[in-house]
Every structure is written in C-alpha cells, then in structure tokens.
Amino acid sequence: MLDPLANLVRRFELRAGVFHTGALCRNVSFESRPDIGYIHLLRAGVLRLETVGEPSRNLDRPSAIFYPRPTSHRLLPLDDEGALLVCATLEFGGPLRDPLLRHLPDVLVVPLAEARSLEGTLNLLFEEALAETGPGRQGVLDRLAEVAVLQLLRDLMQRGLTRVGVLAGLADPQLVHALTAIHDRHDSRWTLDALARRAGMSRSRFAARFHAVVGTPPGDYLAQWRLQQAQALLLQGESIKRVADEVGYGSASALARLFQARLGMSPGAWLRQTERT
C-alpha cells in the first residue's frame, strides 16, 4: 500500500509564506484571515502565546506553534533579547483542505524535543533564515516551512496525538485500508460492506469504529470526499457529465442531487458563485 498520508496531502496545495525570521522583540497580533493558517517555530527565548478562546500560555523551550485554520492570536516576547522565531502563513489550497484539517484543534503547540523527526528540516530552515541573504532564499524558506508542516502532521499521526479525524483514521491499522480505498478509488461504487471488507471487519463494527475514529459515518465521509473531488474537477474546467463519471455518480443528475443535498445548489450554480469570489 502506498503511503496513506502522502496519498492524501498530494490532493491539495500546501503553500507556506515565511514572513519573519530572527528575533521578535515586540508584541505582534495576527487577525483571523479567510483560508490562512500559521506556523511559528520558536528556536530560543520565552514567549507568551495568547489565542482567542484559549487560556494564555508561556513557552520557554523550542516549540512548533501550529494554527491549521484562521484563528486570531498574539505573540508576546517575555525577555529583553526577544524570542528567536521563524513565522509563516499557511494556505491549504483548494476545496480538499477540509478532510485533513477539520478535526484538528485551533492551535497545536508541540515541543520540538518531542518531535525529533523535524530536527533536520528545522536546522536547515534556521540556517537559511539566519543567513539573511542569498539567491532564492525566500523560495528555500517557503519550501522548508512546507516540509516542516507535513512532518509535523506525520509526527502527530504517528504518536497518536490526533484522536479524531482523518489523520487518526490513517493511523488506525484497519481503517487505513478503507480510507485509502476511498481516497484512491472514489469512482468505485463503494458500499458499506465493501469498505468493511477492506478493513477486515464486520459491517457493524466497521461502521461504529469509523464513526468514532474519523468523526463521521463512512457513507457521509465518502459523499463529502466525492463532492470535494467533483469541486476540484469543476474548477479545472471539466464538464459536469465527465465529473459525475469521474467521482462515481454515473450521471449529471445524480451529481446534481449530491450538490443540492450538501450545498443547497446545483454544480453549475456552485461553480459560478466560486468563480465570482
């Protein structure tokens, strides 16, 4: 079986934009912006983190501070020399971002001592950040920040820190087979029985475990995944009939019923609305 996390993340475009490197010597606020997350990598210093809806916390050791979704927050350095940070915006592009991020908390703080798999990437990132000059520096910083985010997601999955959601499902030794089948073959006529066989479980046990771990019933997850694949294809200019075939609905009318049930509008109306925004 191919890497299940790689199979998932290749279906959306993660873009990082590093905008701060070095010492942060003043308080900085970050307002919630549509479709924008953040990662702040604290290398040294003491920092107070204030997040809307969360208790404030002081960080006094190297940490990754990850905001997967738009969330207002503030960073406050607590010593005279400031805090050594690399900060980047994150965009999980396209309509496929939801399955990956939906069940993650608003903010994740991971001490870097507990995430050793990031060490090599972060060493390169801070070496490039502190060099301050060099051809292609911004591009290198952005790509390394993207790698760090993917490694962080993998670390969370492998250590069982994502208790609910698709990352938790991909970490489950049985559910991963059903999820990979959905992600790779969404055009197949999957039934609950067929997905349960993929997982090596009875129908009832599979349905209950999938709902508990992934956070949604298997049929709902499959329908939402197909909807998001259809949205991506429509944005690429594919015809509604071809999209229906590609995502396993067989007819434009069946796809239209999915859009109406999930979004309250037809595929054409959704596309026109999206293109206007």
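These exercises with solutions deal with a predicted model.

**Exercise 1. The sheet**

Find the order of the strands in the four-stranded open sheet, and say which strands stand at its edges.

*Solution.*
Step 1. Strands pair through backbone hydrogen bonds, in a parallel or an antiparallel way.
Step 2. Here the order is β2-β7-β4-β5, and the pairing is antiparallel.
Step 3. β2 (28-30) and β5 (57-59) each have a single partner strand, so one side of each lacks a neighbour in the sheet. These two are the edge strands.
Step 4. From one strand to the next, the twist averages 20°.

**Exercise 2. One strand pair**

How many bridges join β2 to β7, and which residue of β7 is the bridge partner of Phe-30?

*Solution.*
Step 1. Locate β7 at residues 73-77.
Step 2. Three bridges join β2 to β7, and the two strands run antiparallel.
Step 3. Look at Phe-30: its bridge partner in β7 is His-73.

**Exercise 3. A salt bridge between two loops**

Explain why the pair Arg-69 and Asp-106 ties together parts that are apart in sequence.

*Solution.*
Step 1. Side chains of opposite charge can pair when their charged atoms come close.
Step 2. The side chains of Arg-69 and Asp-106 meet in a salt bridge, at 3.1 Å from N to O.
Step 3. Arg-69 lies in the loop between β6 (63-67) and β7, while Asp-106 lies in the loop between α2 (97-101) and β9 (108-111), so the pair ties together parts that are 37 residues apart in sequence.
Step 4. Now check exposure, where partly exposed runs from 20% to 50%. Arg-69 has a relative accessible area of 21%, so Arg-69 is partly exposed. Asp-106 has 33%, so Asp-106 is partly exposed too.

**Exercise 4. A salt bridge within a helix**

Where do Glu-146 and Arg-143 lie, and is each buried or partly exposed?

*Solution.*
Step 1. Both lie in helix α4 (residues 137-158), three residues apart, about one turn of the helix.
Step 2. An α-helix has 3.6 residues a turn, so residues three or four places apart point the same way.
Step 3. The two side chains meet in a salt bridge of 3.0 Å, N to O.
Step 4. Glu-146 has a relative accessibility of 13%, so Glu-146 counts as buried. Arg-143 has 44%, so Arg-143 counts as partly exposed.

**Exercise 5. From a helix to a loop**

Which elements hold Arg-209 and Asp-172?

*Solution.*
Step 1. Their side chains meet in a salt bridge of 2.5 Å, N to O.
Step 2. Arg-209 lies in helix α8 (residues 203-214), and Asp-172 in the loop between α5 (166-171) and α6 (175-184), so the pair ties together parts 37 residues apart in sequence.
Step 3. Arg-209 is partly exposed at 35%. Asp-172 is buried at 5%.
Step 4. Set this pair in context: the structure holds 13 salt bridges. Arg-48, Glu-50 and Arg-74 are linked in a network of salt bridges.

**Exercise 6. The faces of α8**

Which residues of α8 are buried, and what do they pack against?

*Solution.*
Step 1. α8 has 12 residues and reaches 16 Å from its first C-alpha to its last.
Step 2. Its buried residues are Phe-206, Phe-210, Val-213 and Val-214.
Step 3. Seen down the axis of α8, these fall within an arc of 80°, so they line one face of the helix.
Step 4. They pack against α5, α6, α7 (192-199) and α9 (218-235).
Step 5. Turn to the face away from the buried side: Ser-204 and Ala-212 are exposed there.
Step 6. Just after α8, Gly-215 takes a positive phi of about 95°.

Technical notes
Residues are numbered from 1 along each chain as its sequence is written. This is a predicted model: local features need pLDDT of at least 70, side-chain atom pairs count only at pLDDT 80 or more; totals for chains, interfaces and linings use all residues. Side-chain values use heavy atoms; hydrogens and water are left out. Two strands pair if DSSP finds at least two bridges between them. Axes are lines fitted to C-alpha atoms, for helices over the stretch in contact, and angles run from 0 to 180 degrees between N-to-C directions. A salt bridge is a side-chain nitrogen of Lys or Arg within 4 Å of a carboxyl oxygen of Asp or Glu. Buried means under 20% relative accessible area, exposed over 50%, partly exposed in between (1.4 Å probe, protein chains only). The expected span of a helix is 1.5 Å times one less than its number of residues. The arc is that of the directions from the helix axis to the C-beta atoms. Contact means heavy atoms within 4.5 Å.
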